Amino acid sequence: MKNALREQMKRLPVPRGGSDAIQRRLCSQDWWAAAFQVGIYRSTPSEPSTVLLLEDLLDRRAQVAVPVQKGKRYGWGWVDFSTVWKTSAHGILEPAASTPAAAAELRVILVPGLAFDAAGGRLGHGKGHFDRLLASTSALLIGLCFENHLVEAVPMESHDVRMDAVVTEQRMIFAPTAEAKLGRLLG
């Protein structure tokens, strides 16, 4: 079932202007300014871009970490304005060098996915990389997706990590878990 949904989502077009709208929607949230220890992904052409969000965070001198490949696994690495970027084996930008960051240090994490649902369900690429990155954090987890990648229900397994919020170019959907995490972020 997951593989069929993955294939269906991969065939959908990327909406023109969708990435900018998603990033503007997130930046317009009152609580976004409180995001100062943020995990953010570097996008592929089929995912919502995070370029404007990364620039905003760095301009505000926030602490920013990105996924960094370490052998067959991923970890978090701190980045800043001086970071030199390289293209990884998967075609994703990552720092040529970075200081390791612990997932527990992050207060907000932006997460890519092939599909999301309104309850925070997330369909990844099937290798579990992001689920492992998210397993040891209590950060506010925010899925970024195009509206046409929002589905009725994502099939979930015990190891799958749910999002606290999902942002599309048309709306922001909060799961029940978001309220307490937003309180910690702002408190």
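In the predicted model, the buried residues of helix α5, which spans residues 178–186, are Ala-178, Lys-181, Leu-182 and Leu-185. These four cover an arc of only 100° around the axis, which puts them on the same side of α5. The spacing of such positions follows a general pattern: an α-helix has 3.6 residues a turn, so residues three or four places apart point the same way. On the other side of α5, by contrast, Glu-179 and Ala-180 are exposed. The helix lies across β7, β10 and β12, and its direction makes an angle of about 115° with β10; these three strands are also the elements against which the buried residues of α5 pack.

Strand β10 (140–144), over which α5 passes, is mostly covered, with five of its five residues buried. Leu-140, Ile-142 and Leu-144 point one way from the strand, whereas Leu-141 and Gly-143 point the other way, and all are buried. Two pairings of β10 can be described in turn. With β7 (108–111) the strand runs parallel, and four bridges join the two; here Val-111 stands opposite Gly-143. With β11 (165–167) the pairing is likewise in the parallel sense, over three bridges, and Leu-144 has Val-167 of β11 as its bridge partner.

These strands belong to an open sheet of eight strands, arranged in the order β6-β3-β2-β1-β7-β10-β11-β12, in which the pairing is mixed. Because β6 (99–101) and β12 stand at the edges and each has a single partner strand, one side of each is left without a neighbour in the sheet. From one strand to the next, the twist averages 30°.

Elsewhere in the sheet, β1 (37–39) and β2 (residues 63–70) run parallel and are joined by three bridges, with Val-38 standing opposite Val-64 in β2. The chain passes from β1 through α3 to β2, and this β-α-β crossover is right-handed. Strand β2 is also joined to β3 (residues 73–79), in this case by seven bridges and in the antiparallel sense, and Val-64 stands opposite Val-79 in β3. The two strands β2 and β3 form a hairpin with two residues between them, and Gly-71 in the turn has a positive phi of about 70°.

The helix of the crossover, α3, covers residues 51–59, and its residues Leu-53, Leu-54, Leu-57 and Leu-58 are buried. Seen down the axis of α3, the buried residues fall within an arc of 130°, so they line one face of the helix. Arg-61, which is placed in the loop between α3 and β2, has a positive phi of about 65° although it is not a glycine. This arginine, Arg-61, counts as exposed because its relative accessibility is 63%, and the cut-off for exposure is over 50%.

Helix α2 (residues 18–27) accompanies α3: the axes of the two helices come within 8 Å and cross at roughly 35°. On the α2 side of their contact are Asp-20, Gln-23, Leu-26 and Cys-27, which meet Val-51, Leu-52, Leu-53 and Asp-56 in α3. The residues of this contact divide into five nonpolar, one polar and two charged. Within α2, Gly-18, Ser-19, Ala-21, Ile-22, Gln-23 and Leu-26 are buried, and the buried residues of this helix pack not just against α3 but also against β7, β10, β11 and β12.

Pro-48 lies in the loop between β1 and α3. At 2% relative accessibility, Pro-48 counts as buried, because the cut-off for burial is under 20%. When its neighbours within four places in sequence are left aside, Pro-48 is in contact with Ser-19, Ile-22, Tyr-41, Ser-43, Leu-144, Cys-145 and Phe-146. Among these partners, Ser-19 and Ile-22 are buried residues of α2, while Leu-144 is a buried residue of β10. Pro-48 and Phe-146 are 98 residues apart in sequence, yet their C-alpha atoms are 6.9 Å apart in space.

Note on methods:
Residues numbered from 1 in each chain as written. Predicted model: local features only at pLDDT ≥ 70, side-chain atom pairs only at ≥ 80, totals over all residues. Heavy atoms only, no water. Buried < 20%, exposed > 50% of the residue type's maximum accessible area, 1.4 Å probe, protein only. Arc of directions from axis to C-beta. Axes fitted to C-alpha atoms, helices over the stretch in contact; angles between N-to-C directions. Contact = heavy atoms within 4.5 Å. Nonpolar A, V, L, I, M, F, W, Y, C, P; charged D, E, K, R; others polar. Pairing = 2+ DSSP bridges. Right-handed = clockwise from strand over helix to strand, strands pointing away.
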